[in-house]
Amino acid sequence: MAPMPDPHDVPGLSTTWLRVFLEVARHGSFTVAARTLGWTQSAVSRQISSLEAALGGAPLFDRLPRGVRLTEAGRVLVPHAETVVERLHGAGRELAALREAAGGRLRFGAFATADAALVPRAIAAFRTRRPGVRLSREEGLTPALLDRLSAGHLDLAIVSTTGRAPLEAHALHHLLDESLYVAVPTGHPLAAESSVRLPQLADADWISGSARPEGTLLDAALRHGFRPRVAHVVAEWTAKQGYVAAGLGVTLVPALAAESVRPDVVLLPVRDEEAPARAVYAATVRGRALTPATAAFLGALREAAARIPV
């Protein structure tokens, strides 16, 4: 006597059978399903026959003169087949996302002072978690970085509200609001103060990356009613410190760069109740979903930003 089948046994079903079954059910035709799948009609018919046999032999389709129609057994099977196929597709998508996060590339840009602490800390954390991702970095001013982002040359840009760029055209991920400092030489009359207001330095010589204060950190001086006298135009940050240390002028320092100031320069916090702190964002393309690598790097940036004394 043959052993009784275990009612809890699960039939061994091929996912290919289920895909073919759903295509036939969708189109009501072996011929159309075969054309959609790029198979022959006989191959589709064999797959359906194999599925019916695995499920106990009950027909899943009534064969009609023109096309086919689901039987009661076929109608019962449809939602289960859809669930299985969708779950497998979902697993494939998640695995592909893991592969993309583990490998691939990430192109990002940052303005200069973000490179003092924020960017290197984020890169170090990101490389530990995603060692297979190829990172490429550009440095530039916020307007140029946003242009590169819009043109598809960058996946992410670290930008600030300095520069009067049209930030609202992009998806902005807030990182921090940073305060400003004035860097003065150690022998400056204000060097012993705990903080200063910018009008106290209205007659000072200033060192700036541009001859015009508009669109730079020195915009803050314009809001206080005086136009700073730019005595030296110096783009590179460490060179600005050298000019300050030599007594050739003062300069504004954002919080992002405060940790890297040389010891013969004094940083004085700026009291500026009337104006907001400079905001720093990670910008991405609006309407475009973040890749796993971009999302992971954004997380690393946020962690690094939380350690910046703002």
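Helices α2 and α3 sit roughly perpendicular to each other, because their axes cross at roughly 105° and anything from 65 to 115 degrees counts as roughly perpendicular. Keep in mind that this is a predicted model. Below, we start with that helix pair, then look at a glutamate in α3, and end with a small sheet and its helix.

**Where α2 meets α3**
- Helix α2 covers residues 30-37, helix α3 covers residues 41-54, and their axes come within 8 Å.
- On the α2 side, the contact is made by F30, T31, A34 and L37.
- On the α3 side, Q41, V44, S45 and I48 do the job.
- Sort these residues by class and you get five nonpolar, three polar and no charged ones.

**E52, further along in the story of α3**
- E52 is also part of helix α3.
- Is E52 buried or exposed? E52 is buried, because its relative accessible area is 10%, and the cut-off for buried is under 20%.
- Skip the neighbours within four places in sequence, and E52 is in contact with G57, A58, P59, L60, F61 and R63.

**The three-stranded sheet**
- The strands line up in the order β10-β7-β11, making an open sheet with antiparallel pairing.
- β10 (251-254) and β11 (265-269) are at the edges with a single partner strand each, so one side of each has no neighbour in the sheet.
- On average, neighbouring strands here are turned by 40° against each other, ignoring direction.
- β7 (residues 180-185) pairs with β11 over five bridges, and one bridge links A183 to L267 in β11.

**The helix across the sheet**
- Helix α8 (residues 237-245) lies across β7, β10 and β11.
- Compared with β10, α8 runs at about 135°.

Key:
Residues numbered from 1 in each chain as written. Predicted model: local features only at pLDDT ≥ 70, side-chain atom pairs only at ≥ 80, totals over all residues. Heavy atoms only, no water. Axes fitted to C-alpha atoms, helices over the stretch in contact; angles between N-to-C directions. Helix = DSSP H or I, 4+ residues; strand = E, 2+ residues; numbered from the N terminus. Parallel < 35°, antiparallel > 145°, perpendicular 65-115°, else oblique. Contact = heavy atoms within 4.5 Å. Nonpolar A, V, L, I, M, F, W, Y, C, P; charged D, E, K, R; others polar. Buried < 20%, exposed > 50% of the residue type's maximum accessible area, 1.4 Å probe, protein only. Pairing = 2+ DSSP bridges.
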